[in-house]
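Let's take a walk through this one, starting with its aromatic side chains and ending at its pockets. Have the model open as you read.

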Amino acid sequence: MKNQNRLLWEKGDFTEIAALMRKSGEEFVASLEIKSPLRVLDLGCGDGTTAIPLARAGAEVLGIDIAENLVAAGNRRAAHEGLLRLKFQQGDACDLRDVEDGYFDLTISMFGAMFAPKPFDVAKEMVRVTKPRGRIVMGNWIPNDPTSFVSQLLRISASFTPPPPEGFISPMTWGVADNVAEYFSRTGVPREKISMIKDVYEFIALDKNPENLIESLIRFYGPTMSAFEAAEKNGNEEELRRQLIELAYAQNKNTAVGVSIPATFLRVTIDL
Ligand SMILES: C[S@@+](CC[C@H](N)C(=O)[O-])C[C@H]1O[C@@H](n2cnc3c(N)ncnc32)[C@H](O)[C@@H]1O
């Protein structure tokens, strides 16, 4: 039986949403100032929004993601660009059993590992596969942040969804500094090695207005699709759609044509 975490992300087609995040992915990678040769793990990599610019910068990159369809899409993109030192493979951030200890100079996870269900195991695995003196960088959405489109999207979606099973740890805990420090402290990483700042990603589409953006999320983005299905069961789907469109209009900074919606996140850097 497939796990629910995997089913959620194989649902729909996240590549349609990832297409709106390419510019920020490239800018984020540029901000890392990669100096090749470097071995990088991109965990919860999707179809390569950060893995591809990392490989273009000369790094040897392994992208690991739980969703088979996104791994296949990533490998197609890598082949298309002729990036021979970039490989995508299926795996679970909670248990990176195929990866040897200390293999990577840099482990990065942009809004990926935060969605794995066992945060303490994820932190342990990220530290285990990264070299001593290596670096871990994460981007995590911040709960209830009014300046984060994604955080608000997930908050509204959750309000239309039945409560999660007992013992479920919300992915949004990764957007709180104290939780991040706690997850990594169990692996022996002292607080002073962890720095956290707020940063911004932008969702950009020149061919969409806020309504089209929300329709894409309802059609292609697993968490919104699930919320919409739950709302449909109660006849609340139009109210969910209305709230999401209102959110997208409120956050859209592009007053000319298209959407350009910023989303604040917690940028975590650990120098091991
Ligand atoms: C919001 S997407 C971000 C994808 C990519 N990092 C990007 O910036 O476009 C979340 C990703 O995390 C992956 N993911 C969720 N749970 C995971 C797990 N347990 N192990 C590995 N990947 C996981 C999903 O399949 C999805 O590709």
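Phe28 is buried, with just 4% relative accessible area. Keep in mind that this is a predicted model. Phe265 is buried as well, at 0% relative accessibility.

These two residues make up one of the 16 aromatic pairs in the structure. Their ring centres are 6.1 Å apart and the planes meet at 55°, so the pair counts as tilted. The pair also ties together distant parts of the chain: Phe28 belongs to helix 3 (residues 22–31) and Phe265 to strand 7 (residues 259–271), 237 residues apart.

Another pair, Trp174 with Phe184, is edge-to-face. Trp174 comes from the loop between helix 7 (149–158) and helix 8 (177–185), while Phe184 is in helix 8 itself, 10 residues apart. Why does Trp174 count as buried? Its relative accessible area is 1%, and buried means under 20%, so Trp174 falls on the buried side. Phe184 is buried too, at 0%.

Here are the two pairs side by side:

| Pair | Centre to centre | Angle between planes | Geometry |
|---|---|---|---|
| Phe28 and Phe265 | 6.1 Å | 55° | tilted |
| Trp174 and Phe184 | 5.9 Å | 65° | edge-to-face |

Phe28 and Phe265 also turn up in an aromatic cluster, together with Phe111, Trp141, Phe149, Tyr201 and Phe203.

Rings get charged company as well. Arg39 lies over the face of Tyr103, 3.8 Å from the ring centre. Over the ring of Phe120 sits the charged end of Arg186, at 3.8 Å from the centre.

Now for helix 9, which covers residues 210–220. What caps its N-terminal end? Asn209 does the job, with a side-chain oxygen 3.0 Å from the backbone nitrogen of Glu211. Further along, the buried residues of helix 9 include Leu213, Ile214, Leu217 and Ile218. In an α-helix, residues three or four places apart point the same way, because there are 3.6 residues a turn. The buried residues of helix 9 pack against helix 2 (15–18), helix 7, helix 10 (222–233), helix 11 (237–251) and strand 7.

Last stop: the largest pocket, with a volume of about 1200 Å³. Its lining has 37 residues, and Leu8, Thr161, Pro164, Phe168 and Pro171 lie nearest the centre. Helix 1 (4–10), helix 7 and helix 10 are the elements that each give two or more residues to this lining. Which helix gives the most? Helix 10 does, with 6 residues.

Methods:
Residues are numbered from 1 along each chain as its sequence is written. This is a predicted model: local features need pLDDT of at least 70, side-chain atom pairs count only at pLDDT 80 or more; totals for chains, interfaces and linings use all residues. Side-chain values use heavy atoms; hydrogens and water are left out. Rings of Phe, Tyr and Trp (its six-membered ring) pair if their centres lie within 6.5 Å; planes under 30 degrees apart count as stacked, over 60 as edge-to-face and the rest as tilted. Helices (H or I, at least four residues) and strands (E, at least two) are DSSP runs, numbered from the N terminus. Buried means under 20% relative accessible area, exposed over 50%, partly exposed in between (1.4 Å probe, protein chains only). A charge sits over a ring if NZ of Lys or CZ of Arg is within 6 Å of the ring centre and within 35 degrees of the ring normal. Contact means heavy atoms within 4.5 Å. A polar contact is a pair of N or O atoms within 3.5 Å; within protein, one must be able to donate a hydrogen and the other to accept it, and residues adjacent in sequence count only if both atoms are side-chain atoms. On a 1 Å grid over the protein atoms alone, a cavity is a set of points where a 1.4 Å probe fits but cannot get out, and a pocket is an open set with protein on both sides within 12 Å along at least five of seven lines; lining residues have an atom within 4 Å of a point. Grid points are joined across faces, edges and corners, and a volume is the space filled by probe spheres set on the points.
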